[in-house]
Amino acid sequence: MLSVRYPDFKKFKFRELKFYASTEWLADNKKKYRQVFDRWDTSYVYAELSFYNKYFDIEDWDVEVELRCYHIKKTRKELCTLPFKRKVSKYDNIVYIREGWGNKADGTFWKKGTYAWEAFIEGEKVASKYFYVEDAGENALTNGNNAYIQVHSFKLYEGPYDDVMEDDRKYYRKLDANDTRYIYAEIMLKNVHFDKLWQCELFVKFYNEARELKGQVIRLQKIERKDEYLKISAGWGSNVKGSWRKDKYTCELVFMDQMLSAISFEVGEVFEEGAPTIYHPSNSAPLFFSPSEEITESFEELMGKLDALVGLSEIKQKVREHARYIQFLQLRKNAGFEEKESINVHSVFIGNPGTGKTTVAKMMGRLYRKMGLLSIGHVHVVDRVDLVGEYIGQTAPKVKEAIEKARGGVLFLDEAYALARSTEDTKDFGREVIEILMKEMSDGKGDLAVIAAGYPKEMGKFLDSNTGLKSRFKHVFEFTDYLPQELTQIAWYACQEKEVKLTTEAKARLDEIITNGFRDRDRSFGNARFVYDLIEKAKINLGLRVMSNPAPDSLDMDTLQTIHFEDVANIEIKPNRELPLIPIDEELLRESIQELNRLIGLEKVRSQIIEHVRLVRYYRETNRDVLNSFFLHTVLIGNPGTGKTTVARILTKIYKALGVLERGHMIETDRQGLVAGFVGQTATKTAEKIDEAMGGVLFIDEAYSLSQKSNSGNDFGDEAIQTILKRMEDRRGQFFVFVAGYPDNMESFLKANPGLSSRFDKMLKFEDYNAADLLKIALQMLEEKGVLPAPEAEEHLANYMEFLFNYRDKYFGNARTVRQVVTEAIKNQNLRLASLSPDERENISSNILILEDVIDFKSDSSSFMFNKRGIGFRRSGD
């Protein structure tokens, strides 16, 4: 036998794992297989495991099979384990194992979610596959109703195996048998289950006139909450022409075992362009979907829905006037007037977040469709990330794809100003997006409205960034912030949506929070989003309070939906981060202070730091909040070589010792470490550097360079500053920023952005070292090298340091200049010793610096010139 001769020989070969819910048998031992099921139409979900019998026609044998089902959330929860022992007949080439799990009553066991079946044969895992249960309501699929999707358009085109770009597609009702390769169905579906994220499984089936299945394509796609429409292409055929015989065919769409629609088409002698007839099972008469298909709502009904929105009185009036003017132009055109310019439907929406811009955009899409200006009226929302590529050649395809997805409706450009970051930067691909959009708006295929939205100030810059934008966007709508009474009304709607209600006391407290939020608002104020977030947080607090009850299951519905005063009062608008409970490390603090005291000079800086240490220690000892009382972000100002970096390192150790830094490390960087060469990369690069510094200090040397324009004129440094400021606020107390630089430049840096000076509440000014300090530094450096100056050499160095100090300017290098002098003196000493014979060197101390070694340093200003571009000086003979 094979198993005896070959011990590792397997008697089976895995074939397939499929799922079904209906127990109805189909031809050829098949079931109605699928991966997506409706909760209220499902009792049991069955797994069908099939494998090839390698002992076919040889002998019978026994097999052990195990099926396991899991509910997939953050972790896997096992629902069942089903073991089987089956006898495999030698007459069965393919073996089928079918078993299910659930409850005989529809909708009782399975809930919305992601699940998986796993299959094991002879202890070996052979397959694992997901399936999904969706919930659109108890009657989502009854009496011809479909609460998930509706077919909006259904067309056919011909092409090769790798499909056809949308711009190049031609749609047919008849096709030429000799020249047809693949026949593709292009299906536009309307997402009726709009407010949920769910999985859509669509079966596209091609039948000939004899109802023989020619081909089937299955599309499984995740539907996002904002997806109003879904476009799918599915084709069947061959790259070899002639694979479609002359016949009459139908293409059917099946969803959750129900036929959505079907179209009839003919493959014959010639191609004939046009839209085929569409049949729907709930309609006795055939349907014909075309771009001019009417929507059921009247113009006044649509305007009534717009008027029902909270606030926006000026917007409502302007939209109504805009719509009426379009009707006037259409009336003139029908009367025979020649309108030289086409009707402009492109707009700019200006306003802060949450002011209703997206909602009104959807209304306008439907209005434009009703008026015959758009064929679909849907809204496709994009921003800079969706449109701008990372490299040359990537942007144009992304923009064109977005345009085609929006074709027939509205292309909504959220934060459109981000496309025009710099008018002088030639590397900014956002400009390419603008140029493509302007060409589309001028002489594109039409059937498209573009709405650009964003903050007021930035949108002004956006329109000014290209002279052609204002001529394309002729309609500007300004969305003002909602008033407190309007926000209160929005809160009522939010409660209705979230199925909660407020007590009188809770409503009063909520109104107070809304009013305070309105008073303290800035341009990032969330308006309606702010209110919805408040209701959501209050609902969470309600849930926590209810679940603290010993018997929450016994509570009535009113208790489960009523928000009380404490639920609203406990809402944290901007929660403070508590101080890490890290005790003061007295030993590290003492070492750090000693290290600070050993530094030469810097009396004022040292005094400031000691005072600050005492203050922070006092706050710690009295349990006061250090992190929310001080920023502890520090500016270090001084000429080069004055000890800024050294002090920054010591100060970092001090903060670590005081327990206000969790890790206490310091990440040193400069402009090069923060700014990237291309648009959009700087924010990422800066954020990564901040993440490295989290729990410690980010030290930015020569920080002023971030506010200086490069030769190309880009403002990538400003992007780094904005990123740093935002993280300083969002992650307050989790890291500190030290910025260092020269006095004049740092003053300009702090004035370059109003947010900078307010974030840095500590400034350390490093004065130039005096002559005595410079000499002490020189002697310390010599000592570190193991070199001792002779008295006359030390006297000469003292005179030279006095000379350097008296003739210093703003480019003077302080300790750096001293290090150059010391390095040069030691080099002279080494050259002197190298010129002696070994015998002569035996009688001379090798660690003594004599006058000859320093005599070249002359106290004569004519012997050197200051290098205005560098630090310190250079000899005129070098």
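Which residue is the bridge partner of Leu175 in strand 16? In this predicted model, the partner is Val267. That pair belongs to a parallel arrangement in which strand 10 is joined to strand 16 (residues 258-268) by 3 bridges. Strand 10, which covers residues 172-176, also pairs with strand 17 (residues 272-273), this time in the antiparallel sense and over 2 bridges. Here Lys174 of the chain stands opposite Glu272 in strand 17. Strand 10 thus offers a friendly starting point for a tour of the model, with a parallel pairing to strand 16 and an antiparallel pairing to strand 17. As a general point, side chains in a regular strand alternate between the two faces of the sheet.

Two open sheets come next. One is built from 3 strands in the order 9-11-14, with antiparallel pairing. Strand 9 (149-159) and strand 14 (229-237) are its edge strands, and each has a single partner strand, so one side of each is left without a neighbour in the sheet. On average, and with direction ignored, neighbouring strands of this sheet are turned by 20° against each other. Within the sheet, strand 11 (residues 182-191) runs antiparallel to strand 14, and 9 bridges join the two. One example of this pairing is Ile183, whose bridge partner in strand 14 is Trp236.

The other open sheet has 5 strands, ordered 27-28-29-26-30, and its pairing is parallel. The edges are taken by strand 27 (666-669) and strand 30 (762-766); each has a single partner strand, so one side of each lacks a neighbour in the sheet. From one strand to the next, the twist averages 15°. Strand 26 (residues 634-638) and strand 29 (residues 736-741) run parallel and are joined by 4 bridges. Among the residues involved, Val635 has Val739 of strand 29 as its bridge partner.

Val739 leads from the sheet to the interior spaces of the model, as this residue is also part of the lining of the largest cavity. How many cavities of 30 Å³ or more does a search of the whole structure find? The search finds 3, and the largest cavity holds about 60 Å³ of space. Its lining includes Ile700, Leu706, Phe749, Leu756 and Phe760 alongside Val739. Helix 20 (residues 716-730) gives the most to this lining, with 4 residues. By class, the lining consists of 10 nonpolar residues, with no polar and no charged ones.

The pockets add another kind of space to the picture. The second largest pocket contains about 1,400 Å³. It is lined by 35 residues, and those closest to its centre are Thr358, Thr359, Ala528, Arg529 and Tyr532. Several elements supply at least two lining residues each, namely helix 4 (357-370), strand 20 (379-382), helix 10 (484-498) and helix 12 (528-547). The lining divides into 16 nonpolar, 8 polar and 11 charged residues.

Individual residues also deserve a look. Is Arg384, a residue of helix 5 (residues 384-387), buried or exposed? Arg384 has a relative accessibility of 10%, so it counts as buried, the limit being under 20%. A polar atom of the Arg384 side chain lies 2.6 Å from the backbone oxygen of Ala418. Ala453, placed in strand 22, is likewise buried, with a relative accessible area of 0%. Ala453 and Asp414 are 39 residues apart in sequence, yet their C-alpha atoms are 5.1 Å apart in space.

Two aspartates complete the survey through their backbone angles. Most residues other than glycine have a negative phi. Asp28, however, has a positive phi, near 60°, and is found in the loop between strand 1 (12-20) and strand 2 (36-38). The relative accessibility of Asp28 is 65%, so this residue counts as exposed. Asp447 also has a positive phi, near 55°, and is found in the loop between helix 7 (430-443) and strand 22 (449-454). With a relative accessibility of 28%, Asp447 counts as partly exposed.

Note on methods: Residues numbered from 1 in each chain as written. Predicted model: local features only at pLDDT ≥ 70, side-chain atom pairs only at ≥ 80, totals over all residues. Heavy atoms only, no water. 1 Å grid on protein atoms, 1.4 Å probe; cavity = no way out; pocket = protein on both sides within 12 Å on 5 of 7 lines; lining within 4 Å. Points joined across faces, edges and corners; volume = space filled by probe spheres on them. Nonpolar A, V, L, I, M, F, W, Y, C, P; charged D, E, K, R; others polar. Buried < 20%, exposed > 50% of the residue type's maximum accessible area, 1.4 Å probe, protein only. Polar contact = N/O pair within 3.5 Å; in protein donor to acceptor, adjacent residues only side chain to side chain. Pairing = 2+ DSSP bridges. Axes fitted to C-alpha atoms, helices over the stretch in contact; angles between N-to-C directions.
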